[in-house]
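User: Please take a close look at one part of this model, the place where two helices pack against each other, and set it in the context of the whole chain.

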Amino acid sequence: MFLGALLGTTSPHLFVLFMNIGLDDMIPSSALPGIILASSSAYRRELLARLQLPFEAVAPDIDETPMSGEAPQETALRLAREKAAAIARQRLGTLVIGSDQVATLDGLQIGKPGDHARALAQLQLMRGRRVVFHTALCLWDGRLPPDAPGAVQVENIQAFVSFRDLPDAELDAYLRIEQPYDCAGSAKNEGLGIALLERIDSSDPTALTGLPLIALTGMLRRAGVSFFGL
């Protein structure tokens, strides 16, 4: 997934997530503040589960429309912060993770295609070219006043993705197999979509899938969260 599916709801849906991690392998919840992922994206839930920390996922209800004249990276940073803030207001005293991703080609935003025809048009536009994916991350520490140092951490991680110059027949066949219509960029790099790519350059390999775990673990450490059961 190049962009996790984030669907706003008027009444956020709550998921208590233990994924495939055994309870004996998880850090005891009593040793941690509550951790909430402000997202309904299955891709982001799967990534966060790798850290083996107990967490919940709540879908934030925000308007994700880009502002007029807003730079792509600013859109991603603003939305990541707004997602975290929306849930932090509901769940006081918790650590809330917000993330958003914007794909750009020649400075123009590439959104979720929504259907086959638009997805094919996106892939045709991007083939043989390099696309920039901005994955913004926010960690909101609800134990602190919002204006306190360290209360709100934000970062934008970029991934530079070079697409192979493939014929229409291959692009169409890929889309019919994986149907990545909820992903900006119309391909899932963690699945068969990797066959469309020629090169990925990023400081964080998980950023392209939608949740930059290297950046996130740094933020969590600064918020006092420890790893490996210590």
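Analyst: What follows describes the overall fold, then the helix pair, and then another helix for context.

The model is a predicted one, and its secondary structure comes to 5 helices and 8 strands, which follow one another along the sequence in the pattern β-β-α-β-α-β-β-α-β-β-α-β-α. Of the 230 residues of the protein, 53% count as buried, and among the contacts between residues at least 6 apart in sequence, 73% join residues at least 24 apart.

The pair in question is formed by helix 3, residues 116–126, and helix 4, residues 168–178, whose axes come within 10 Å and cross at roughly 135°. An angle over 145 degrees would have counted as roughly antiparallel, and the two helices are therefore described as oblique to each other. Helix 3 passes helix 4 in a right-handed crossing. On the side of helix 3, the residues that take part are His116, Ala119, Leu120, Leu123 and Gln124, and they meet Asp168, Leu171, Asp172, Tyr174, Leu175 and Arg176 of helix 4. Sorted by class, this contact has 6 nonpolar, 2 polar and 3 charged residues.

Helix 1, residues 42–49, offers a further view of the packing: 6 of its 8 residues are buried, so this helix is largely enclosed by the rest of the structure. The buried residues of helix 1 are Tyr43, Arg44, Arg45, Leu47, Leu48 and Ala49, with two arginines included in that list. At the start of helix 1, a side-chain oxygen of serine 41 reaches to within 3.2 Å of the backbone nitrogen of tyrosine 43, a residue that is itself buried.

Conventions
Residues numbered from 1 in each chain as written. Predicted model: local features only at pLDDT ≥ 70, side-chain atom pairs only at ≥ 80, totals over all residues. Heavy atoms only, no water. Buried < 20%, exposed > 50% of the residue type's maximum accessible area, 1.4 Å probe, protein only. Helix = DSSP H or I, 4+ residues; strand = E, 2+ residues; numbered from the N terminus. Polar contact = N/O pair within 3.5 Å; in protein donor to acceptor, adjacent residues only side chain to side chain. Axes fitted to C-alpha atoms, helices over the stretch in contact; angles between N-to-C directions. Parallel < 35°, antiparallel > 145°, perpendicular 65-115°, else oblique. Left-handed = near helix turned anticlockwise from the far one by under 90°. Contact = heavy atoms within 4.5 Å. Nonpolar A, V, L, I, M, F, W, Y, C, P; charged D, E, K, R; others polar.
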